Amino acid sequence: MAALAREDGARGPERGQRGCEHYDRGCLLKAPCCDKLYTCRLCHDNKEDHQLDRFKVKEVQCINCEKIQNAQQTCEECSTLFGEYYCNICHLFDKDKKQYHCENCGICRIGPKEDFFHCLKCNLCLAMNLQGKHKCIENVSRQNCPICLEDIHTSRVVAHVLPCGHLLHRTCYEEMLKEYVEVLETAG
């Protein structure tokens, strides 16, 4: 099987290989910013000196027949399913994880949708068990995680809501607790 040729000279995934470490998908995105083909926006952003605007993606390339076509869920040439889930706003293709597009967040979230509500003040989708039981902080998700300093709103890592209302990535929170316990154990 031949590897897909990309315009940047790099080698793409083997023909028929689905996705990357981030997403399971049957197509490559044609980046409107540089006209290069990448499996996902994260792979693009890791290799380029600029970010791919997912909302501006208009074309994809099928991993099987290599036809470049308008972004859609299924290949118009060979009927390859590009993703069990497809959002025509975010141009997210992936296996089904019960995703849904939140109009208020402006991006897709992992659901199922009925397990979440959008807090208009926090401007974030939160688990139903937090409805009426969390401290609202206006636009709290539009800040970076105070541990890793990476964006929380668009992160693929679940956010942990602290009692004070602030957010951390759940993985950062768990690592912080683990280190705190280790410090206590060595001190005591």
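Visitor: How many salt bridges are there between domain 1 and domain 2?
Guide: Zero. Bear in mind that this is a predicted model.

Visitor: And how many residue pairs in polar contact between the two?
Guide: Also zero, counting pairs with both residues at pLDDT 80 or more.

Visitor: Which elements give two or more residues to the side of domain 1 that touches domain 2?
Guide: Helix H1 (41–47) and strand S7 (85–87).

Visitor: How do the residues on that side divide into nonpolar, polar and charged?
Guide: Seven are nonpolar and two are charged. No polar residues appear there.

Visitor: Back up a bit. Where does the domain assignment put the two domains?
Guide: Domain 1 covers 27–94. Domain 2 covers 100–177. Their centres, taken over C-alpha atoms, are 26 Å apart.

Visitor: How many residues are in contact across the boundary?
Guide: Nine from domain 1 and eight from domain 2.

Visitor: What area do they bury?
Guide: About 570 Å² between them. Carbon and sulfur atoms account for 67% of that.

Visitor: Why quote an area for an interface?
Guide: The size of an interface is often given as the accessible area lost when the parts come together.

Visitor: New topic, sheets. In what order do S3, S4, S5 and S6 sit?
Guide: The order is S4-S3-S5-S6. Those four strands form an open sheet with antiparallel pairing.

Visitor: Which are the edge strands?
Guide: Strand S4 (37–38) and strand S6 (68–70). Each pairs on one side only.

Visitor: What joins S3 to S4?
Guide: Two bridges. Strand S3 spans residues 27–30 and runs antiparallel to S4.

Visitor: Which residue in S4 does leucine 29 stand opposite?
Guide: Tyrosine 38.

Visitor: What lies in the loop between S3 and S4?
Guide: Aspartate 35 is in that loop.

Visitor: Is the phi of aspartate 35 positive or negative?
Guide: Positive, about 60°, although aspartate 35 is not a glycine.

Visitor: What sign of phi do most residues other than glycine have?
Guide: Negative. Most peptide bonds, for their part, are trans.

Visitor: Speaking of peptide bonds, what kind joins glycine 111 and proline 112?
Guide: A cis one. Omega there is about 20°.

Visitor: Where is proline 112 found?
Guide: In the loop between strand S10 (107–110) and strand S11 (116–119).

Notes
Residues numbered from 1 in each chain as written. Predicted model: local features only at pLDDT ≥ 70, side-chain atom pairs only at ≥ 80, totals over all residues. Heavy atoms only, no water. Domains from an automatic or database assignment. Contact = heavy atoms within 4.5 Å. Buried area = accessible area lost by both parts, 1.4 Å probe. Salt bridge = Lys/Arg side-chain N within 4 Å of Asp/Glu carboxyl O. Polar contact = N/O pair within 3.5 Å; in protein donor to acceptor, adjacent residues only side chain to side chain. Nonpolar A, V, L, I, M, F, W, Y, C, P; charged D, E, K, R; others polar. Pairing = 2+ DSSP bridges.
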